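Here are a few notes from my pass through this one. Have a look at the structure first, then see whether the points below match what you see.

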Amino acid sequence: MLPIFEPVPESSRGESFYDAVYRTVRRIPHGRVTTYGHVAALSGKPRAARTVGWALHALPDGTDVPWHRVINARGGISIAKVGLPPGLQRALLEDEGVRFRLDGTVDLKRYGWTGPG
DNA sequence: ATAATGACTGGGG
DNA sequence: ACCCCAGCCATTA
């Protein structure tokens, strides 16, 4: 018989880079945003921006990780190809007070979070 | 172990 | 300024 609870995926021994990414993203303050590359750097892998996107892609619905506060280096939204509802990320950010430019980008100088300190 | 996969990025044209 | 592309790298779709 199958157990009622699925064990933790075999891939997650000790702590993966994904876990480090989630911890970093949880530190982004309400109403602020940061880039994939910056999350990667704060998580210990400055060149793993793409992997950060993959880590967020793996999050389940209803997660408490504020994935919507992560945008690309140009201030734009990058979830188009993932199947998430179009406009969802922008709506979540606007609910936190983040304003978008006419071209759909965010002013990183104003809303960008660059880490503690 | 190798290959494939991308929610990315910076630099060049 | 905008578009394109080669390089990037942890995880396994």
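How do the residues of the lining of the largest pocket divide into nonpolar, polar and charged?

1. On that lining, the split is 12 nonpolar, 10 polar and 4 charged. Keep in mind that this is a predicted model.

2. The largest pocket holds about 860 Å³ of space. It is lined by 26 residues, and Tyr-36, Gly-53, Ser-78, Ile-79 and Val-82 are the closest to its centre. Both α2 and α3 supply at least two residues of this lining, with α3 giving the most, at 6 residues.

3. Now the DNA side. Strand B is surrounded by 17 residues, the closest being Trp-54, Trp-67, Ala-73, Arg-74 and Ser-78. The surface near the strand comes out as 8 nonpolar, 6 polar and 3 charged residues. If you take the atoms of DNA strand B within 4 Å of the protein, 42% are from sugar or phosphate and the rest from bases.

4. Some polar contacts to check by eye. Arg-50 puts a polar side-chain atom 3.1 Å from a base nitrogen of DNA strand B, while Gly-53 has a backbone N or O atom 3.4 Å from a base nitrogen of the strand. At Ala-73, a backbone N or O atom sits 2.8 Å from a phosphate oxygen of DNA strand B.

5. As for elements, those giving two or more residues to the surface near DNA strand B are α2 (36-42) and α3 (49-57). Here α3 gives the most, with 6 residues.

Notes
Residues are numbered from 1 along each chain as its sequence is written. Chains are lettered from A and ligands numbered from 1 in the order in which they are written. This is a predicted model: local features need pLDDT of at least 70, side-chain atom pairs count only at pLDDT 80 or more; totals for chains, interfaces and linings use all residues. Side-chain values use heavy atoms; hydrogens and water are left out. A residue is near a molecule or strand if one of its heavy atoms lies within 4 Å of it. A polar contact is a pair of N or O atoms within 3.5 Å; within protein, one must be able to donate a hydrogen and the other to accept it, and residues adjacent in sequence count only if both atoms are side-chain atoms. Helices (H or I, at least four residues) and strands (E, at least two) are DSSP runs, numbered from the N terminus. Ala, Val, Leu, Ile, Met, Phe, Trp, Tyr, Cys and Pro count as nonpolar, Asp, Glu, Lys and Arg as charged, and the others, Gly among them, as polar. On a 1 Å grid over the protein atoms alone, a cavity is a set of points where a 1.4 Å probe fits but cannot get out, and a pocket is an open set with protein on both sides within 12 Å along at least five of seven lines; lining residues have an atom within 4 Å of a point. Grid points are joined across faces, edges and corners, and a volume is the space filled by probe spheres set on the points.
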